[in-house]
Amino acid sequence: MKSGSNSSKELEKRILVLEEENKKLKEQLVKNSELSANEHIDVQSEEIRAINEEMLATNDALKESESNLQLFIDEAVDSILISDYNGNINYVNKSTIKLTGYSKSELLKLNLKNLFTEESLSESPFRYDLMKKGQPVSKQRYIKTKNENPVFVEMRSKSLPSGELQTIFRDMT
């Protein structure tokens, strides 16, 4: 029995040693898994940083493009204005200011109808109905300037995707 008892104790010791080794292996595995997870997080963080840098560069390029487009519109030879379907003016470029003699702040308080005589509007009213259908409208007419001098222009208007109207005046004098 002693030999069986010794064998049993030896087996118990071996089991304890194996359990201890198993515990150490599990700890090492967890540690390795954490390292892998941390490495994975580092890779993802680097990818996020790269995407963020790309987005910032794209955003800078977009701002520059918008600035160039705004400059193009502001400096256009023809008069450009944006209004709503009620004729309220929302935007004017520098040529509109020069053509009409009104300041930007004065124009933004006006209605498109204020730039025409009543006679001109009764003879040839704005065709909002056509523009709402997506058709551009082109007319030659006189606009009245701030000092009441008439200027003969070609007026081209069209509906924008934003629901506003774009009107371009070309001085025909």
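Accessible areas here come from the Shrake-Rupley method with a 1.4 Å probe. On that basis the protein, which is a predicted model, shows about 12800 Å² of accessible surface, and 54% of that belongs to carbon and sulfur atoms. Five helices and five strands make up the secondary structure. Of the 173 residues, 24% are buried.

**Overall layout**

- Walk along the sequence and you get the pattern α-β-β-α-α-α-α-β-β-β.
- Helix H1 takes in residues 2–74, while helix H4 covers residues 118–123.
- Helix H3 spans residues 104–107, strand E3 runs over 137–144 and strand E4 over 150–159.
- Strand E1 is at 79–83, and strand E5 holds residues 165–171.
- If you take the contacts with a separation of 6 or more, 37% of them join residues 24 or more positions apart.

**Salt bridges**

- Searching the whole structure turns up four salt bridges. As background, side chains of opposite charge can pair when their charged atoms come close.
- One of the four salt bridges pairs Asp78 with Arg170, at 2.7 Å from N to O. This one reaches across the chain: Asp78 sits in the loop between H1 and E1, Arg170 is in strand E5, and 92 residues separate them.
- The two partners differ in cover. Asp78 has a relative accessible area of 17%, so it counts as buried, since the cut-off for buried is under 20%. Arg170, at 42%, counts as partly exposed.
- Glu106 and Lys146 form another salt bridge, with their closest N and O atoms 2.8 Å apart. Lys146 is in the loop between E3 and E4 and Glu106 is in helix H3, so this pair ties together parts that are 40 residues apart in sequence.
- Both ends of that bridge are partly exposed: Lys146 has 41% relative accessibility, and Glu106 has 27%.
- Asp129 and Arg127 also meet through their side chains in a salt bridge, again with an N to O value of 2.8 Å. Asp129 is partly exposed at 36% relative accessibility, and Arg127 is partly exposed at 33%.

**Surface charge**

- Which residues gather in a patch of negative charge on the surface? They are Glu19, Glu20, Glu21 and Glu27.
- Glu21 from this patch belongs to helix H1. With 43% relative accessibility, Glu21 counts as partly exposed, because partly exposed is the class between buried (under 20%) and exposed (over 50%).

**Backbone oddity**

- Which residue has a positive phi although it is not a glycine? That's Glu148, with a phi of about 70°. For context, most residues other than glycine have a negative phi.
- Glu148 is in the loop between E3 and E4. Its relative accessibility is 54%, so Glu148 counts as exposed.
- Lys146, from the Glu106 salt bridge, lies in that loop between E3 and E4 too.

**Contacts between separate parts of the sequence**

- Ser120 lies in helix H4 and is buried, with 12% relative accessibility. Outside its neighbours within four places in sequence, Ser120 contacts Arg141 and Tyr142.
- Ala76 is in the loop between H1 and E1, the loop that also holds Asp78. Is Ala76 buried or exposed? With a relative accessible area of 18%, Ala76 is buried.
- Not counting residues up to four places away in sequence, Ala76 touches Asn93 and Ser95. Its C-alpha is also 9.6 Å from the C-alpha of Thr96, although the two are 20 residues apart in sequence.
- Met172 comes in the segment after E5 and is partly exposed, at a relative accessible area of 37%.
- What does Met172 contact, leaving aside its neighbours within four places in sequence? Its partners are Gln140, Phe152, Val153 and Glu154.
- Met172 and Gln140 are 32 residues apart in sequence, with 8.7 Å between their C-alpha atoms.

Terms used
Residues are numbered from 1 along each chain as its sequence is written. This is a predicted model: local features need pLDDT of at least 70, side-chain atom pairs count only at pLDDT 80 or more; totals for chains, interfaces and linings use all residues. Side-chain values use heavy atoms; hydrogens and water are left out. Patches are made of residues with over 30% relative accessible area and no salt bridge: like charges are joined within 9 Å, nonpolar side chains (Val, Leu, Ile, Met, Phe, Trp, Tyr) within 5 Å. Lys and Arg count as positive and Asp and Glu as negative; His and the chain ends are not counted. The place of a charge is taken as NZ of Lys, CZ of Arg, CG of Asp or CD of Glu. Helices (H or I, at least four residues) and strands (E, at least two) are DSSP runs, numbered from the N terminus. Buried means under 20% relative accessible area, exposed over 50%, partly exposed in between (1.4 Å probe, protein chains only). Contact means heavy atoms within 4.5 Å.
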